[in-house]
Amino acid sequence: MSGAPLLDLSQTPASGATPSAPTRHRGLGLAVGLAASAAFATSGPFVKPLLEAGWSPGGAIIVRLTIGAVLLAVPTLIALRRLPDGWRTVAANWRWIVAFGVMGVAAPSTLYFLAVERLPVAVALLVEYTGPLLLIGWSWLRTRRMPSPGVLVGASLAMFGLVAVLDLTGAIALDPVGLMFAAGSAIGNASYFALTARPSPVPPVAMAGLGMIVGAVVVTVVGATGILAVRMPFVDVTLLEGTVPAWVPLLVVGAVPTAVAYGVSVISVRMLGERVASFVGLSEVLFAVLLAWFLIGERPTTAQSLGAVAVVAGVAIVRRWADRSPIDLTGPADLPSTALPR
């Protein structure tokens with residue numbers, strides 16, 4: 001993650017936003033998006049032991065975002081120093097940075113952890129990843145234009161594959177409050193992709209770092225009010241069939257699925273556009289299944305393997321139709337100017 005490429009990307013809209021976008025940028029964006037998804041997927045296997053050991057979702061999120069903000073601080077400062085009028089640019093875009101920190105960072109992470117407390121992880125993941133469908137629905141409502149057939153087919157196939165990957169068979173008792181939290185995380189998931197795809201002069205790594213700071217502050221303030229329970233006991237946790245101090249999974253969660261994943265993902269979204277990138281993000285579920293198999297011995301079933309193929313095929317179809325019809329899928333985040341306070 002050297003400074004130069006990040007600055008180059010930050011000066012242009014999402015590569016997928018125009019038909020003239022270089023194919024190499026799209027391929028690179030896909031590779032970067034998959035790397036970000038793999039990093040995001042490490043969150044669950046390392047956070048779950050903390051929650052089982054007595055940590056609250058609020059406590060885990062505060063530490064996670066704080067570590068992420070600290071790790072991204074230096075890259076953020078370097079990126080802004082290399083940008084002409086860096087801090088003036090930040091000041092001119094503060095509303096979008098705050099919106100990204102609240103809706104794109106703090107909300108989906110916190111609400112997902114709250115959902116996991118009350119729901120099976122698979123159910124919470126599935127509900128959160130309806131975010132791409134929300135983006136398609138938003139675009140449909142905003143433009144009054146039905147998505148192209150390829151988009152609908154790819155979206156349906158990808159979501160069908162997710163159901164199979166998560167193997168939601170049998171009777172599952174679903175907590176309505178947990179479902180509410182999961183639905184909120186889906187809105188946050190969609191907001192993340194929409195906000196990061198918006199053309200902005202703020203470098204991607206700086207957007208991620210500043211958004212992380214905003215997210216950490218917001219969650220800490222909410223926790224201080226008592227609305228969000230915050231428990232951070234000094235305990236050992238069970239991880240990889242062994243016992244380790246709580247700070248071990250905390251460092252992993254703060255670094256890999258937070259600082260690294262958010263920093264890399266912002267670059268991918270700007271290169272691909274929010275809708276294509278959001279479907280590439282579905283691969284996080286595939287990586288999560290593989291990590292669960294490797295780390296805690298949860299071997300995927302035949303249905304999950306077939307679902308993985310369906311998800312990949314769905315993403316490929318969406319991306320192919322995005323290349324043919326950039327207006328439908330790969331335009332920059334089309335949020336109206338009234339979406340944020342003036």
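How many helices and strands does the protein chain have? The chain has 16 helices and two strands. The model is a predicted one.

**The chain as a whole**

The protein chain holds 342 residues, and buried residues make up 53% of them. Its exposed area is about 15100 Å². Carbon and sulfur atoms supply 69% of that area. Contacts often link distant parts of the sequence. Among contacts with a separation of 6 or more, 88% are between residues 24 or more positions apart.

**Three helices and their spans**

Three of the helices can be set side by side by span.

| Helix | Residues | Expected span | End-to-end C-alpha distance |
|---|---|---|---|
| α6 | 94-118 (25 residues) | 36 Å | 35 Å |
| α11 | 204-225 (22 residues) | 32 Å | 32 Å |
| α12 | 247-272 (26 residues) | 38 Å | 35 Å |

Start with α12. At 1.5 Å a residue, its 26 residues should span 38 Å, and its end C-alpha atoms are 35 Å apart, which agrees. Helix α12 also has a kink of about 40°, centred on A261. Most of α12 is covered, with 19 of its 26 residues buried. Just past the helix comes G273, with a positive phi of about 95°.

Helix α6 bends too. The angle is about 35° at A107, and a proline, P108, follows within four residues. Its ends are 35 Å apart, against the 36 Å that 25 residues should span at 1.5 Å each, so the two values agree.

Helix α11 reaches 32 Å from its first C-alpha to its last, close to the expected 32 Å. After α11 comes G226, whose phi is positive, near 90°.

**A positive phi outside glycine**

Most residues other than glycine have a negative phi. D85 has a positive one, near 55°, and is not a glycine. Where is D85 found? D85 sits in the loop between α4 (57-82) and α5 (86-92).

**Residues around V237**

V237 can be placed relative to two helices. V248 belongs to helix α12. V248 and V237 are 11 residues apart along the chain, and their C-alpha atoms are separated by 9.0 Å. K48 belongs to helix α3 (residues 43-52). K48 is 189 residues from V237 along the chain, yet their C-alpha atoms are separated by 9.7 Å.

Is V248 buried or partly exposed? V248 has a relative accessible area of 25%, so it is partly exposed. K48 has 30% relative accessibility, so K48 also counts as partly exposed. The cut-off for buried is under 20%.

**A buried serine and a partly exposed one**

S37 lies in helix α2, which covers residues 23-40. Its relative accessibility is 4%, so S37 counts as buried. Which residues does S37 contact, beyond its neighbours within four places in sequence? They are V280, G281, S283, E284 and F287.

S156 is in helix α9 (residues 149-166). Its relative accessibility is 48%, so S156 counts as partly exposed. S156 and A310 are 154 residues apart in sequence. In space, C-alpha to C-alpha, S156 and A310 are 9.7 Å apart.

**A nonpolar patch on the surface**

Which residues make the nonpolar surface patch of about 240 Å²? M103, L134 and I187 make it. L134 comes from helix α8 (residues 131-143). At 39% relative accessibility, L134 counts as partly exposed, because that value lies between the limits for buried and exposed, under 20% and over 50%.

**In brief**

The predicted chain has 16 helices and two strands. Helix α12 is kinked at A261, and helix α6 bends at A107. S37 is buried, whereas S156 is partly exposed. M103, L134 and I187 form a nonpolar patch at the surface.

Key: Residues numbered from 1 in each chain as written. Predicted model: local features only at pLDDT ≥ 70, side-chain atom pairs only at ≥ 80, totals over all residues. Heavy atoms only, no water. Buried < 20%, exposed > 50% of the residue type's maximum accessible area, 1.4 Å probe, protein only. Contact = heavy atoms within 4.5 Å. Areas by Shrake-Rupley, 256 points an atom, 1.4 Å probe, with all protein chains shown as cover. Expected span 1.5 Å × (residues − 1). Bend = angle between axes of the 7 residues up to and from the residue. Patch = residues over 30% accessible without salt bridge, like charges linked within 9 Å, V, L, I, M, F, W, Y side chains within 5 Å. Salt bridge = Lys/Arg side-chain N within 4 Å of Asp/Glu carboxyl O.
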